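Hi,

Here is the structure I promised to pass on. Have a look first, and my notes follow below.

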Amino acid sequence: MSFQIPSKNAKNVPGSANTPAPSRPASPMASGTSTPGGAQGSPKRLAVLTSGGDCSGMNAAVRAVVKMGIARGCEVYVVREGWEGLVRGNGPEHDVKETQVHSGTPSTADPIPNRRRGNFVATYGEGELLKEGEGEQTLKDRYIIRVGWDDVRGFASLGGTLIGTARCAAFREVEGRRTAALNLVKHGIDALVVCGGDGSLTGADRLRDEWPEHLAALKERGDISAEQFETHSHLNIVGLVGSIDNDMAGTDMTIGATTALHRICEAIDSISSTASSHSRAFIVEVMGRNCGWLALMAAIATGADYMFIPERPPTSEDWQSSMCSVLDRHRKEGKRKTIVIIAEGAHDCNLKPISPDEVKDVLTERLGLDTRVTTLGHTQRGGAPAAYDRILATLQGAEAVEAVLEATPDKPSPVIGIQENKIMRQPLMEAVKKTQDVAKAIAEKDFNRALSLRDPEFEDCLHAFRATTRLNETYRVPEAERMRIAIVHTGAPAGGMNAATRTAVRYCLCHGHTPVAIYNGFVGLLNGNVAELSWLRVDQWSTRGGSELGTNRTLPDTDLAGVAAKLAEYKIDGLLIVGGFEGMAALNILEKGRKEHPSLRIPLVHLPATISNNVPITEWSVGSDTSINVLVDATDAIKQSASASRNRVFVVETQGAGCGYIAMLGALASGANIVYTPELGMSLRGLSEDVDFLKKRYRQDAAGKSEGRLVIRSEKASKTYTTEVVTNILTEEGKDLFDARYVSLGHTLQGGVPSPRDRTRAIRLTVKCIDFLERHHKRKLEQLEPEWKDPDVATIVIEGAGIRFAPLAELLAASDFKNRRGKVQWWSPMKNLIDVMAGRRDLEEPAPKL
Ligand code: ADP
């Protein structure tokens with residue numbers, strides 16, 4: 001799973017991968033811009049609401065909708081408390097005021113003097129919305145509120161939903177939806193973006209479906225005028241999937257699921273140490289009624305021992321005995337702890353629910369284990385959003401605005417999803433139906449079908465989990481095909497390298513191979529720093545950062561003959577190289593040496609692992625998610641510190657060598673105002689424009705408030721305009737408006753604990769790498785030449801949701817060796833979206849202070 005912008009359908013999306021930067025519509029933020037679909041040429045009124053269960057990333061989605069909406073010339077509203085707020089409306093007193101305001105000409109009667117500032121600022125904590133300029137007066141009885149640019153400042157880094165969510169019984173009834181329709185018409189809103197789960201999105205579709213009936217009835221009753229009836233004859237709705245369960249069909253990932261996985265892994269990582277200390281068993285219950293995604297990903301990411309998910313219940317009716325036999329073997333192997341993860345919707349093969357307490361009783365009674373149950377419950381929903389959720393929600397929120405503006409009455413409402421690294425639109429109800437099909441398949445005990453409705457990653461991870469927890473001999477390959485597989489790390493450490501090693505060792509053992517660790521890279525090999533690894537030895541490695549094997553930048557050409565001799569000495573049949581650009585370079589050297597050294601004529605596979613994500617072709621390398629998460633955590637703290645003291649611009653320097661990945665994705669995730677990358681370079685003119693922009697932004701801020709703003713700069717963005725130079729220029733030019741400081745994140749970006757994504761990605765890819773080595777070894781034994789399309793020297797790459805082995809020649813052709821990166825960077829179009837979110841384009845001049 002991965003992402004790119006924009007959807008195949010959408011044109012002109014800022015940051016669009018298939019739309020060059022300058023082709024955006026001009027002056028998106030110019031006052032009074034008319035937008036397609038706006039009533040009588042006036043700006044379109046667009047509302048966003050969050051509904052159903054909350055999740056992290058909803059705020060980032062709201063922020064993106066608000067900003068993109070304003071950038072597209074719309075008047076943007078938020079609806080507080082989900083459908084409940086839409087049904088309640090604004091109360092009679094406010095209704096009159098709002099209706100008067102909106103029946104006038106927006107440019108003159110608009111209570112907001114410019115688009116920069118809206119009607120409320122949100123205070124986090126109580127979640128209370130305060131009307132700006134009216135002190136402490138709350139907006140308790142107002143639910144549909146016009147917002148401006150600065151109202152959503154800081155939203156992206158906060159969990160939950162600041163505009164509130166609720167479950168609304170009234171909206172399930174026709175009359176409730178009719179009242180909601182009335183409130184929308186009163187405010188002149190006929191475009192709605194809804195972020196929620198399948199329930200909320202079903203409600204949205206019903207509202208749109210019934211719209212003509214509602215309007216006819218409202219006109220009949222005299223609740224709306226004939227003119228309103230004509231003007232608002234259509235309601236356009238677009239859905240965004242906010243769900244921690246990752247349970248929506250047709251999208252590889254839902255907003256909130258990644259953060260929930262972070263919370264679960266944090267909890268289980270903590271539980272693991274206490275479990276080990278007391279030699280206890282823990283049963284951890286995680287959310288997921290019809291979807292085992294969280295349980296499965298958490299199980300592989302944390303190295304759990306057993307797991308129950310709804311899509312794949314234990315095949316045996318006597319699941320108790322199957323579980324005990326696995327866990328007992330783990331204990332006999334020497335494990336001191338036992339972790340069982342159970343999804344809340346877990347059941348046996350006859351659909352009889354399996355509860356955590358039942359599992360606990362079995363472990364206590366049959367295995368005599370001191371067993372505890374931990375139900376993670378609502379902790380899974382909360383906390384600061386993971387970087388991926390911020391990015392996904394921002395991309396999807398921006399796309400939702402495009403979709404709602406392009407919507408026509410004859411087309412079904414779309415939902416925004418992500419498939420194969422692309423933000424996509426698909427018919428909302430089709431996605432909801434497919435989602436419900438999973439529940440149906442489970443209810444009918446058609447578990448194969450339930451599994452087939454999940455994405456390929458799900459099945460791969462299930463396979464990986466089983467293979468790395470199994471200790472029996474069932475899956476061993478025939479004796480003659482067994483291999484000695486060496487694992488080496490090269491380049492700088494990256495989060496997930498150890499998870500890859502653990503998987504390689506466990507998967508090798510499962511198949512009857514011998515895993516051989518090469519410590520300290522190719523230097524270690526030359527020094528004979530080589531040892532076989534056991535199943536137990538690597539048990540805790542999934543969760544560890546850095547490189548347990550040790551890694552360095554020395555390449556095999558330092559002594560190729562020596563390397564070849566050592567591989568022969570240790571009888572290595574296949575080599576897994578885990579590393580970044582060096583990994584690819586090592587592969588190249590070894591391949592070239594094959595003519596001369598027969599011991600190098602073994603299958604060689606490279607698994608990209610680098611925080612910089614600079615290996616060509618692959619969209620993601622192991623470690624590249626951890627680095628962005630570290631950056632986002634750091635920038636959250638930096639912004640807070642800046643805002644707490646005075647107006648301050650922080651110039652944050654990132655690693656990444658010649659590749660701007662960390663800076664670019666980090667800037668989008670952290671809401672930075674400016675980003676400098678090696679690909680884009682830096683210039684004096686650019687710096688001067690940036691200074692002007694920052695001055696403008698600070699002049700527009702509310703008086704008396706201090707704000708922190710971020711500039712993210714790749715360490716190699718320019719030789720001349722270093723981080724220090726940029727900071728000095730900003731300090732000099734900021735004068736009384738702002739000062740500037742810099743911070744270099746340096747090696748912290750390698751991360752402490754690897755992110756769950758990097759762990760699961762490493763595990764999934766490693767299994768495939770070992771399969772690759774096995775397959776080519778077998779061909780060699782059969783004396784078959786490798787096929788030209790499938791050579792035995794390759795790098796495993798992720799392209800969209802697809803994974804394949806890219807031949808070395810293809811990798812080399814796609815490489816920019818001078819800058820040590822790929823020739824094409826899929827993320828480079830994100831710069832446009834960063835500019836839009838920063839308010840970079842056509843910001844209005846400051847209006848008089850409110
Ligand atoms: P989620 O959106 O997270 O799946 P729910 O299923 O609780 O959460 O739905 C949230 C709200 O959406 C409900 O309280 C209700 O107001 C509305 N809703 C859900 N299903 C429907 C439906 N079939 N028709 C109309 N409204 C619905």
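To start with the ligand: how far from an oxygen atom of the ligand does a backbone N or O atom of Cys-168 lie? The distance is 2.6 Å, which falls under what I call a polar contact (a pair of N or O atoms within 3.5 Å; within protein, one must be able to donate a hydrogen and the other to accept it, and residues adjacent in sequence count only if both atoms are side-chain atoms).

Before the rest, some ground rules. This is a predicted model, where local features need pLDDT of at least 70, side-chain atom pairs count only at pLDDT 80 or more, and totals for chains, interfaces and linings use all residues. Residues are numbered from 1 along each chain as its sequence is written, and side-chain values use heavy atoms, with hydrogens and water left out.

Back to the ligand. Gly-53 also offers a backbone N or O atom, 3.2 Å from a ligand oxygen atom. Arg-206 uses its side chain instead: one of its N or O atoms is 3.1 Å from a nitrogen atom of the ligand. The protein buries 84% of the 550 Å² that the ligand exposes when taken alone (Shrake-Rupley areas with a 1.4 Å probe; for residues, only the protein chains shown count as cover). There are 16 residues around the ligand (a heavy atom within 4 Å of it), and those that come nearest are Arg-167, Cys-168, Gly-197, Gly-199 and Ser-200.

Now the sheets. Helices (H or I, at least four residues) and strands (E, at least two) are DSSP runs, numbered from the N terminus, and two strands pair if DSSP finds at least two bridges between them. One open sheet has 7 strands in the order 5-2-1-6-7-12-13, with mixed pairing. Its edges are strand 5 (144-147) and strand 13 (422-427), each of which pairs on one side only. From one strand to the next, the twist averages 30° (axes are lines fitted to C-alpha atoms, for helices over the stretch in contact, and angles run from 0 to 180 degrees between N-to-C directions).

Inside that sheet, strand 1 (residues 45-50) runs parallel to strand 6 (residues 191-196) over 5 bridges, and Val-48 has Val-193 as its bridge partner there. Helix 12 (residues 387-406) packs on this sheet, in contact (heavy atoms within 4.5 Å) with strands 1, 6, 7, 12 and 13. Its direction makes about 140° with that of strand 12. Helix 13 (residues 428-443) packs on the sheet too, touching strands 7, 12 and 13, at about 90° to the direction of strand 13.

At the strand 5 edge, 4 bridges link strand 5 to strand 2 (residues 75-79) in the antiparallel sense, with Val-78 partnered by Ile-145. Ile-144 and Arg-146 point one way from strand 5, Ile-145 and Val-147 the other. All of them are buried (under 20% relative accessible area, with exposed meaning over 50% and partly exposed in between; 1.4 Å probe, protein chains only).

There is also an open sheet of 4 strands, in the order 20-21-19-22 with parallel pairing. Strand 20 (674-676) and strand 22 (739-744) each have a single partner strand, so one side of each is left without a neighbour in the sheet. Here the twist averages 20° from one strand to the next. Strand 20 is joined to strand 21 (residues 708-714) by 3 bridges, and Val-675 stands opposite Ile-712.

Cheers
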